[in-house]
Amino acid sequence: MIKKDKKTEENKKDILILFDVGGVLLKLDYNRFYEAAARLSGTMNAGEFKNRFVESGIEFMAIKGEIKAADYLQRLREMISPQEDATDDELKRIRGYCWKERVDEAVSLKRRLHENKYSVGILSNISDFALETISSRYPEMLETYDRSSPRIYSFQIGSMKPELLMYQAIKGYNKVILIDDKESYLRTGIEEFGWNGILFTPFIDEAEAIRSIHNNKEIPRDNFSVAGSMKELESSLNKLGIKTE
C-alpha cells in the first residue's frame with residue numbers, strides 16, 4: 001500500500017500546472033498607468049500617451065530582455081518628460097500602477113495544487129523591472145514551492161509567448177496544463193506541444209500594452225476550456241483529472 005501511494009505521488013509530480021502572471025495571478029490596471037503618465041507629462045491625455053507607449057516598443061523590448069531596467073526607465077522618462085525632470089522613483093511609482101493587486105484565490109489554488117503533490121510552475125511574459133517590483137510586493141505569488149518546478153520568464157529566455165522558445169523551456173512532464181488569459185498563448189502550447197489550455201477571463205485587462213499585438217481571438221479546437229471565475233477554473237482542472245481540494 002505504501003509503495004502504491006508513493007507511485008501515485010510520483011505520477012502526480014509528472015503533471016505540471018503552469019500559471020501565467022498578469023491576468024491570472026495578478027490583476028492589471030494599465031489605464032491607471034496611462035492616466036498617471038499623461039498627468040506627469042502635462043502635454044498628453046491618457047489615450048495619446050498609450051499610443052506613444054505602445055508604438056515605442058519599449059514594453060516588448062523589456063519583456064524579451066533586449067533592454068534592462070535602467071534603459072527602460074530612461075526611455076520612459078524621455079517619452080513622458082523630455083526635460084528629464086521625472087525621477088526614477090516617480091517613474092517606478094506610476095509604472096507600478098499597472099500591477100493592481102494579487103489574485104489571492106489563484107495564489108491559494110496554486111499552493112493547494114502543490115500540497116496535493118502536483119508540480120506547479122510559472123510561464124510569464126515579463127521584464128526584469130516588473131519581476132523585481134512584483135516579487136517585492138507579492139513574494140508568494142511567484143512561488144513554485146519546489147526548486148525543480150519551472151519559473152520561465154521571458155526576459156531571461158530572450159523570447160516571449162507565443163514564440164516556441166518559451167514553451168520549449170518546459171521539459172520532463174507527462175502532462176502540462178497552461179492557465180492563461182490570452183488565446184494565442186494557449187494555442188501554441190496546445191497545437192505545438194500537446195498541452196491542455198484553460199483561458200482564464202475574469203481579470204483580462206483590454207488596455208494591457210501587449211494586447212496590441214497579442215490579442216488573437218481564434219479559439220483552439222481541442223484540449224481547451226474557458227473559465228470565467230475561480231469556481232469554473234477549478235471545475236476545468238477537475239475535468240482534466242486534477243484534484244483541487
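In this predicted model, Ser 124 of β4 is a good place to start, since it has a cross-strand neighbour to look for: Ser 124 stands opposite Tyr 153 in β5. The two strands, β4 and β5, pair in the parallel sense, and three bridges hold that pairing in the assignment. Strands of a sheet pair through backbone hydrogen bonds, either parallel or antiparallel.

From here you can step to the other side of β4. Strand β1 (residues 15–19) pairs with strand β4 (residues 119–124), again in the parallel sense, over four bridges. Two of the partners are easy to pick out on screen: Ile 17 has Val 120 as its bridge partner in β4, and Leu 18 has Gly 121.

Now zoom out to the whole sheet. It is an open sheet of six strands, which run in the order β5-β4-β1-β6-β7-β8 with parallel pairing. Its edge strands are β5 (151–153) and β8 (224–227), each of which pairs on one side only. On average, and with direction ignored, neighbouring strands of this sheet are turned by 20 degrees against each other.

How many of the residues of β4 are buried? The strand is mostly covered, with six of its six residues buried. In a regular strand the side chains alternate between the two faces of the sheet. You can follow this along β4: Ser 119, Gly 121 and Leu 123 point one way, while Val 120, Ile 122 and Ser 124 point the other way, and all are buried.

Follow the chain onward and you reach Asn 125, in the loop between β4 and α8. Asn 125 has a relative accessible area of 15%, so it counts as buried, the cut-off being under 20%. Its side chain has polar company. A polar atom of the Asn 125 side chain lies 2.8 Å from the backbone nitrogen of Lys 161, and a polar contact of 3.1 Å joins the side chains of Asn 125 and Tyr 185. Leaving out residues up to four places away in sequence, Asn 125 touches Ile 63, Ser 154, Met 160, Lys 161, Met 166, Tyr 185, Ile 210 and His 214.

After that loop comes helix α8 (residues 128–137), where Asp 128, Phe 129, Ala 130, Leu 131, Thr 133 and Ile 134 are buried. What do the buried residues of α8 pack against? Their partners are β2 (26–28), α5 (69–80), α6 (88–95), β3 (99–102), β5 and α9 (154–157).

Two of those partners, α5 and α6, also pack against each other, at an angle of about 90 degrees and with their axes 10 Å apart. Angles of 65 to 115 degrees count as roughly perpendicular, and therefore that is how α5 and α6 are described. On the α5 side the contact is made by Tyr 72, Leu 73, Leu 76, Arg 77 and Ile 80, and on the α6 side by Asp 88, Leu 91, Lys 92, Ile 94 and Arg 95. By class, these residues are six nonpolar, no polar and four charged.

Helix α6 has a further helix partner in α2 (residues 30–41): the axes come within 8 Å and cross at roughly 150 degrees. Here Tyr 30, Phe 33, Ala 36, Ala 37 and Leu 40 of α2 meet Glu 90, Ile 94 and Arg 95 of α6. The contact of α2 with α6 divides into six nonpolar, no polar and two charged residues. Ile 94 and Arg 95 are thus worth a look in both places, as they appear in the contact with α5 and in the contact with α2.

Another loop residue to visit is Asp 181, between β6 (175–180) and α11 (183–193). Is Asp 181 buried or exposed? Asp 181 is buried, with a relative accessible area of 0%. Its side chain is joined to that of Lys 182 by a polar contact of 3.4 Å. With neighbours within four places in sequence set aside, Asp 181 is in contact with Asp 20, Gly 22, Gly 23, Val 24, Leu 199, Phe 200, Ile 204, Glu 208 and Arg 211.

The last stop is Ser 108, in helix α7 (residues 104–115). Ser 108 counts as partly exposed because its relative accessibility is 22%. From C-alpha to C-alpha, Ser 108 lies 29 Å from Glu 191, and the two are 83 residues apart in sequence.

Methods:
Residues numbered from 1 in each chain as written. Predicted model: local features only at pLDDT ≥ 70, side-chain atom pairs only at ≥ 80, totals over all residues. Heavy atoms only, no water. Buried < 20%, exposed > 50% of the residue type's maximum accessible area, 1.4 Å probe, protein only. Pairing = 2+ DSSP bridges. Axes fitted to C-alpha atoms, helices over the stretch in contact; angles between N-to-C directions. Contact = heavy atoms within 4.5 Å. Parallel < 35°, antiparallel > 145°, perpendicular 65-115°, else oblique. Nonpolar A, V, L, I, M, F, W, Y, C, P; charged D, E, K, R; others polar. Polar contact = N/O pair within 3.5 Å; in protein donor to acceptor, adjacent residues only side chain to side chain.
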